[in-house]
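User: Please work through this model with me, one question at a time. Each reply should end on the value or name requested.

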Amino acid sequence: MKTIKTNKNEYQLICGIEIHAELKTDSKMFCGCKNDPFGAKEPNIYTCPVCLGMPGGLPTANKKAIEWTIKVGLALKCKINLFSKFDRKNYFYPDLPKAYQISQYDIPFCFDGVLETSYGPVKITRIHLEEDTGKLLHKVINGKKVSLIDFNRSGVPLIEIVTEPEIYSPEQAKEYGKKIRQILRYLEVADCDMDQGGMRLEANISLAKIDQENLPNYKVEVKNINSFKFAEQAISFEMIRQAKILDNDEIPVQETRGWDSNKSMTFSQRSKEDAEDYRYFPDPDLPPIRFSRENVDFIEQSLPELPANIASRWFEEYKVEERYSAQLITDIQSANLIEESFNLLINDSLTPNQLASAIVNKKIDISRENKASNIITTFKSLFQLDDVSQDEILKKINIVLSQNSDAVKKFQTGETKVLGFFIGQTARLIGKKVDANLLSTLIIQELNK
Amino acid sequence: MNNKLTLKKALDKLNDKSLTLEELYNDINSSIESQNKKLNVYLTLNRDAFETANTNLNKPLKGIPIALKDNYCTKDLRTTASSIILDNFIPTFESTVSKNLKNSGGVILGKTNMDAWAHGSSTETSQYGRTLNPLNTEYLPGGSSGGSAAAVAADMCIASLGTETAGSIRQPAAWCGVVGLKPTYGRCSRYGIIAMASSTDSPGPITKTVEDSAILLNYLAGHDPLDSTSAQISIPDFTKTLNLGVKNLKIGYLYKDLKGLDEITKIFSEQMQVFETLGATVDVVNAINPKHGVSVYTIVQRGEVSSNLGRYDGIRFGKNRSNFGDEAKRRIMIGTYTLSKGYADQYYNTAQKVRTLYIQDFKKLFKTYDVLISPTSPGYAKKIGATQGQAMFGELEDLLLEASSLSGLPGISIPCYKDDKTNLYLGMNIVAPMYREDLVIQVADAFEKATKWNRWRN
Amino acid sequence: MNNNSKKNISSQKISTAQIIHIANLAAIPITKVEEEELRLAFEQTLNTIAELQSVDISNIEPTHQVTGFENILREDKVNQENMFSQKEALKNAKETHAGYFVVPRVLTHE
């Protein structure tokens, strides 16, 4: 739990997060246009009457996108609404061609889930499926300020994952975001390219006095955050900003703010006084959707073992530390490859945890083209000692000791930590891989002469 | 005067080569030339129609010229929905139904005037001026498919296509003395048709005879993977029930004692007796008061309209939102209001529940009756200017059609009486259960053939 | 629905402020004259549909879809045939630039 203390009060962060992620289906959500907005070489080349909002265009729902949403829901331990539907969310913006977004209002596909973080569980309120908007580019053309619109992204399937306001620190928010991305990537349903906007974060942030029982009566929404680090920074920034306001016995304005990553601060975008009125109603163009329990079970059975599970199993079975597995479990292929490599180390003097460390720190290639046996070979070569004679080593030790008489004196007056310095200097001078234990023994032997 | 041919006769004559496409198109074109300026039926003519027709002789519809309501998106042919917002709109794609028509050898002759965005029952909301009723030019043709009905009535085409949400095919057909068939919701694809009320929009034919409607529907209907509400049900041959008569059918006579229909009830009741002489039984039946249908339809349709017309922002096509006419503004705004926070439950959700009541009521009635019949509209065509200051003109004119339209049911309007003083017709509306257009066609065909009211048959 | 809300509907008066708010929501520019015309049209329409409150709808489910269809879904396949070329996509646009649609600058954070 992270609180913020001012000289007047102590406040607790109350934060909920909404994550939008584009699903990487072949075709768009409600039409057969190609879903590849980031790969498109030209603007407006993947459109049709439907996603361009032409008169008479009608939506047809992508089955795979719906199944993937359920899959994500099950991975996040959600309950599934067996009966669901799509609704129209009406508002005007140039990037929204129909002036309504097909979304889900009161019956999302998934609800009541949870994701464990090292700071505690984060409850997931709902996951629903909708369509993405087009993309705006702001330019000056012939001296005129204009916005350019590209509809290649219009209608790309988008899931929205909404949490309860139960995230209690910026660090937890960051970890939550990273874990969601890991799961989406692991399930192979989304690339979550944050730079391009394939995954977007919004945080609803408010503060409560430490002894306050009710939720705060306001919230500030920070939108369009495109990295987890920025999410963490934006939340920290808001905590300080809001604490100052609350200290003056005022209430922060209920508004949408943006994150300026150059200035490392949030800024006001628009106030929410004129609350949105999206006039939701069931889309008459799309019949509702009903799953049988068997449909859901089938999807559940197709779920791979999830990252969190693999991490704890690796710890149990291979004693691999969480700090490594968190970075290693990115996709099914590489996770399988790594585990296969662990198994080749059974009865070896080197441990799977050393391998995990080496993969993370020494960047051993774990792409799907590589083989477990190659990984082990590369890994072991890191520990292979060069053939260096003891005379050679002793010669180099003496050079180092003669050049560092101050340090030698220090050692002799009991400052034994300089030993490490001698080991490092000697090893560098030798320029080959030698057994560190042997080196240490020989140095002590020479120093004690 | 080959323009006066029915679709059936024109096809027969083209088949036995007693008619050439050139003769047909010449007569049609001169009919358009002599009348269009006055009647204001066509907004856009397809200059390539005749040329295209000549390449279609081997297809079932043989290049027959068909008029389309101007809310079918037609590739490379201007499509306006009678709104200046789309004044310059040239679609780069084709609606499924017009594609079906083309693939079957039908040729789009031109695009007909309508109430702007299909909002209305008069064509008076068109931003290109009203269409006049060819039967009597002091009167309105009805709407919203007023141009398509007038085109048929004035023999300015062989047949036409309209669209209906609640009355927009049948009411103008009744007012113009022609046949209008509104198929079951989902029978004909809505893809590429400018959406009005998505949950009831139904494209369908407007023709000279019931037989023509049956023929045309055969080529328009069918499942469309681009429309998620399109029925995946096989299409029967709709001409199969022609000439079967109505012997032993049970007919429910709907809305007989409804207030406000007094003027026409006597005439209409007489016409209902025709069915008895043909061997059917006719019972006066009680149904839920249709006036709730007006309210439900108003709320549902305006709600859907407010959302469907959001896309007209002048960015990707068309002109911006300041160009909406008064009627569109009213509908968009009332729909916005009834869907807005705090009101959606009172209006929209309540309306959709009453809609359920109508569906249940029809289900119950169809347990006893094969078809239900009522007048199409509460009276004859209204005079030009009648819509002035009437925010709900259309809804009230379509009083007798809204409940069944909201229920998705198929229906047909056929001429059932002519007033010799005004030369105007009354329409008879025949409704059947979902996907039973065959029944609607059977009963309408029997009446048409047993009476003198069809101008082309006799 | 309780009796209270029924009364609310049938006695609904529409203010000019409401008309302006709704016009904003609907993105419809209106003139002063239109404000009043629309206000009257609103009241006329709302008074007509107020009769709906007399219908007993307790225990009735709403109908949003008359087809009764469910699970009308599409396989995840690209439909090249239905896609526009860039030229077709832009054909009816008022203003374009380098393959983009162009609008006057919308909300940015400068």
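User: How many bridges join strand β6 (residues 87–90) of chain A to β17(A)?

Analyst: This is a predicted model, in which local features need pLDDT of at least 70, side-chain atom pairs count only at pLDDT 80 or more, and totals for chains, interfaces and linings use all residues. Residues are numbered from 1 along each chain as its sequence is written, while chains are lettered from A and ligands numbered from 1 in the order in which they are written. Helices (H or I, at least four residues) and strands (E, at least two) are DSSP runs, numbered from the N terminus, and two strands pair if DSSP finds at least two bridges between them. Strand β6(A) and β17(A) run antiparallel, and the number of bridges joining them is 2.

User: Which residue in β17(A) stands opposite A:Asp87, and which are the edge strands of the sheet?

Analyst: Opposite A:Asp87 in β17(A) stands A:Pro282. The open sheet has 3 strands in the order β7-β6-β17 (chain A), with antiparallel pairing. Pairing on one side only marks the edge strands, β7 (100–103) and β17 (281–282) of chain A.

User: Which helix gives the most to the side of domain 1 of chain A that touches domain 2 of chain A?

Analyst: Chain A is divided into domain 1 (3–294), domain 2 (304–381) and domain 3 (390–447), with bounds from an automatic or database domain assignment. The C-alpha centres of domains 1 and 2 of chain A lie 33 Å apart, and 6 residues of domain 1 are in contact (C-beta atoms, placed from the backbone, within 7 Å) with 7 residues of domain 2. With 4 residues on the domain 1 side, the helix that gives the most is α2 (residues 170–186) of chain A.

User: Where does the largest nonpolar core lie with respect to domain 1 and domain 2 of chain A, and which helix gives its largest share?

Analyst: A nonpolar core is a set of buried Ala, Val, Leu, Ile, Met, Phe, Trp, Tyr and Cys residues joined through C-beta atoms within 7 Å; a residue is buried if 20 or more other C-beta atoms, placed from the backbone, lie within 10 Å of its own. The largest such core has 262 residues, and those with the most contacts inside it include A:Ala203 and B:Cys157. Domain 1 (3–294) and domain 2 (304–381) of chain A both give residues to this core, so it lies between them. Its largest share, 8 residues, comes from helix α3 (residues 228–247) of chain A.

User: What percentage of the residues of chain B count as buried?

Analyst: The secondary structure of chain B comes to 14 helices and 11 strands. Its radius of gyration (over C-alpha atoms) is 20 Å, close to the 23 Å of the globule rule (2.2 Å times the number of residues to the power 0.38) for 458 residues, so chain B is as compact as a globular protein of that length. The C-alpha trace of chain B spans about 60 × 55 × 45 Å along its principal axes. Of the 458 residues, the share that counts as buried is 67%.

User: Which helix supplies the largest share of the side of chain B that touches chain C?

Analyst: The contact takes 46 residues from chain B and 39 residues from chain C. On this side of chain B, α9, α10 and α11 (345–368) each supply at least two residues. The largest share, 11 residues, comes from α11(B).

User: How many residues does α9(B) give to the side of chain B that touches chain A?

Analyst: Here the contact takes 29 residues from chain B and 25 residues from chain A. Both α9 (291–308) and α10 (326–339) of chain B supply at least two residues each. The most comes from α9(B), with 3 residues.

Definitions and conventions
Contact = placed C-beta atoms within 7 Å. Buried ≥ 20, exposed ≤ 12 C-beta atoms within 10 Å, placed from the backbone.
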